[in-house]
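These are my notebook entries on a single protein chain. I set down what I looked up, in the order in which I looked it up.

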Amino acid sequence: MSERIAIVTDTNSGITKELSEELNIFVLPMPFIINGESYFEGLNFTTEQFYDEMRKDSDISTSQPAPGDVIDLWESILKDHDSIVHIPMSSGLSSSCGVAKMLADDFDGKVHVVDNKRISITQKQSVLDAIKLRDMGLSSTEIKEKLEDMTYDASIYIAVDTLKYLKKGGRVTSAGAAIGSVLNIKPILQIQGDKLDAYSKSRGMKQAEKKLIEAIKSDLENRFKDCDNIKIAVAYSGDKSIGDNWQKKVQENFPEYDVDCDPLSLSVSCHIGEMALAIGCYKSIQ
């Protein structure tokens with residue numbers, strides 16, 4: 001009898017409750033705090049409510065799942081499964097991965113926590129890859145190893161419309177934020193592994209869009225030139241029309257790819273604000 005493997009991720013993957021049910025996987029809601037009250041993405045707070053609070057300048061911060069909630073979810077899943085492949089957001093961006101690894105030690109090898117430095121669209125692809133690998137007959141141990149072997153086969157670039165939240169998080173000084181706002185500077189960040197790092201900056205979002213597209217073209221021509229099964233996807237924060245327009249523009253620049261589009265998770269948006277644009281390219285299993 002083959003191993004019954006459950007795939008678990010968190011809402012930073014952008015996977016909604018509806019999609020998780022369609023894929024037959026489990027999604028752990030990421031908590032966030034607004035004016036001292038705790039909420040859970042996808043459970044008791046809508047995207048519209050979140051951005052309304054952001055526009056009101058409410059005090060918004062992120063948190064990580066309570067260890068008890070993680071344990072309860074795993075124990076519930078293991079009643080009907082032999083093992084779990086758990087794919088959290090990057091250990092370089094949150095301590096939730098490290099906590100999950102620690103908790104997994106008490107599950108006698110039944111929980112395999114994948115640390116492959118992913119977030120958003122690349123984390124979602126890891127989940128889809130895990131499903132494919134499971135369906136190909138790989139064990140939970142083999143799935144974890146395969147996903148971690150592909151850790152650095154991904155790039156994400158993010159253009160941020162406002163410096164306000166980067167200043168709040170300590171990534172930009174108050175003086176730098178003030179100067180940047182006057183000059184309409186839009187920072188472009190990158191994730192090439194563990195951390196969120198500076199990549200470039202532009203004057204206005206139009207120029208930022210061009211730089212994002214150029215960054216992916218460069219990756220395709222250099223880092224991924226010898227790779228098969230490369231995919232391109234975009235993400236955004238704020239209204240869906242922002243994502244639709246961005247997806248259309250990227251699709252026009254990469255007609256040979258089927259460009260997917262997802263909203264950034266609220267946990268990510270909390271740190272970069274509304275109207276951010278992201279683009280990524282990454283290797284997939286097939």
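**Entry 1. Overall fold**

What share of the contacts with a separation of 6 or more comes from residues 24 or more positions apart? I found that such pairs account for 73% of those contacts in the protein chain. I note at the outset that I am working with a predicted model.

I then looked up the secondary structure and recorded eleven helices and 13 strands. For the extent of the chain, I noted that the C-alpha trace spans about 65 × 50 × 30 Å along its principal axes. I also compared the radius of gyration with the expectation for a compact globule: for 286 residues that expectation is near 19 Å, and the chain has 19 Å, so the two agree. Buried residues make up 51% of the 286 residues.

**Entry 2. The largest pocket**

I next turned to the open space. The largest pocket holds about 840 Å³. Its lining is contributed by helix 1 (17–23), strand 2 (26–28), helix 2 (47–55), helix 10 (240–253) and strand 12 (260–263), if I list the elements that give two or more residues. Helix 2 supplies the largest share, five residues.

In total I recorded 35 lining residues, and those nearest the centre of the pocket are G14, T16, E41, T47 and P263. By character, the lining divides into 13 nonpolar, ten polar and twelve charged residues.

**Entry 3. Enclosed cavities**

How many cavities of 30 Å³ or more are there? I recorded two.

The largest cavity encloses about 80 Å³. Among the residues that line this cavity I noted D10, L28, M30, Q64, H86 and P88. Helix 4 (residues 96–104) gives the most to this lining, with four residues. The lining of the largest cavity comprises eight nonpolar residues, three polar and one charged.

The second largest cavity encloses about 50 Å³. Eleven residues line this second cavity, and K117, R118, T122, A154 and I191 are the closest to its centre. Strand 8 (residues 154–159) provides the largest share of that lining, three residues. I counted its character as four nonpolar, five polar and two charged.

**Entry 4. H112**

Is H112 buried or exposed? Its relative accessibility is 12%; buried means under 20%, and therefore I entered H112 as buried. H112 belongs to strand 7 (residues 111–113).

I then listed its surroundings. Leaving aside residues up to four places away in sequence, H112 touches I84, V85, H86, S140, T141 and K144. With one of these, S140, the side chain of H112 makes a polar contact of 3.2 Å. Another, H86, I had already entered as a lining residue of the largest cavity.

**Entry 5. Backbone at D57 and N229**

Finally, I looked up positive phi values in residues other than glycine. D57 has such a value, with phi near 65°. This residue sits in the loop between helix 2 and strand 5 (60–62). Helix 2 is also the element I recorded as giving the largest share of the pocket lining.

N229 likewise has a positive phi, near 55°. Where does N229 lie? I placed N229 in the loop between helix 9 (205–221) and strand 11 (230–236). Its relative accessibility is 38%, which lies between the limits of 20% and 50%, so I entered N229 as partly exposed.

Key
Residues numbered from 1 in each chain as written. Predicted model: local features only at pLDDT ≥ 70, side-chain atom pairs only at ≥ 80, totals over all residues. Heavy atoms only, no water. 1 Å grid on protein atoms, 1.4 Å probe; cavity = no way out; pocket = protein on both sides within 12 Å on 5 of 7 lines; lining within 4 Å. Points joined across faces, edges and corners; volume = space filled by probe spheres on them. Nonpolar A, V, L, I, M, F, W, Y, C, P; charged D, E, K, R; others polar. Buried < 20%, exposed > 50% of the residue type's maximum accessible area, 1.4 Å probe, protein only. Polar contact = N/O pair within 3.5 Å; in protein donor to acceptor, adjacent residues only side chain to side chain. Contact = heavy atoms within 4.5 Å. Rg over C-alpha atoms; globule rule 2.2 N^0.38 Å.
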